[in-house]
Amino acid sequence: MLMLAVIVVVIPQYSDYRARAQTDFWLLQLGATKQAIAAKAISAGALSASGMGVPVPVIKGKNQPDLAEVRPDGVIFLQGGIDGQFVAVIPSLQGGGVTWRCIGGSAVAVRRQCRVAS
């Protein structure tokens, strides 16, 4: 009976870990896309068209999201994966530079700074 209890607890935690690791991997792959958006935003002095013409991020490997999208305003959306994770990476133009924040869905599938407050 103890073995069954351990399996019931461990398997969901392992799945949560895998989903979070997958989402972290996606976020690490956004460097070139974020740089392109930031360069356009800084040059124009606005975010309104900073994502136009910026290619969708290429996320290599077997852990690709089902959806990767760059919106005209520079927001990057990623969705899919093991648990259907969703993350939006949002730029802000401040003091001549671009800062980024992320928001995401499931508290177990995204890093702490991306979690939507409940």
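What percentage of the 118 residues of the protein chain count as buried? The share is 31%. The model is predicted.

## Overall make-up

The protein chain holds two helices and four strands. Read from the N terminus, the order is α-α-β-β-β-β. Both helices therefore precede the strands in that order, as the run α-α-β-β-β-β shows.

Contacts between residues at least 6 apart in sequence were also sorted by separation. Of these, 44% join residues at least 24 apart. The exposed surface of the protein chain comes to about 7,100 Å². Carbon and sulfur atoms account for 60% of that area.

## Strand pairing

Strand E3 covers residues 85-94, and strand E4 covers residues 97-104. The two run antiparallel and are joined by eight bridges. Two residue pairs illustrate the register. Leu93 has Val98 in E4 as its bridge partner. Val87 is matched with Gly104 in E4.

E3 also pairs with strand E2, residues 76-80. This pairing is antiparallel too, and it spans five bridges. Here Phe77 stands opposite Ala88 in E3. E3 thus has bridges to E2 and to E4.

## Turns

Which residue in the turn between E2 and E3 has a positive phi? It is Gly81, with a phi of about 80 degrees. Four residues lie between the two strands of this hairpin.

The hairpin of E3 and E4 has two residues between its strands. Gly95 sits in that turn, and its phi is positive as well, at about 55 degrees.

## Nonpolar core

The largest nonpolar core has 12 residues. Its members are Trp26, Leu27, Leu30, Ile37, Val54, Ile59, Val70, Ile76, Leu78, Val87, Val89 and Cys102. Helix H1 (2-28), E2 and E3 each supply at least two residues of this core.

In a regular strand, side chains alternate between the two faces of the sheet. The core list includes Ile76 and Leu78, along with Val87 and Val89.

Leu30 is one of the core residues. What does Leu30 contact, leaving aside its neighbours within four places in sequence? The partners are Pro57, Ile76, Leu78 and Val89. Of these, Ile76, Leu78 and Val89 are also on the core list.

Notes: Residues numbered from 1 in each chain as written. Predicted model: local features only at pLDDT ≥ 70, side-chain atom pairs only at ≥ 80, totals over all residues. Heavy atoms only, no water. Buried < 20%, exposed > 50% of the residue type's maximum accessible area, 1.4 Å probe, protein only. Contact = heavy atoms within 4.5 Å. Areas by Shrake-Rupley, 256 points an atom, 1.4 Å probe, with all protein chains shown as cover. Pairing = 2+ DSSP bridges. Core = buried A, V, L, I, M, F, W, Y, C linked by side-chain atoms within 4.5 Å.
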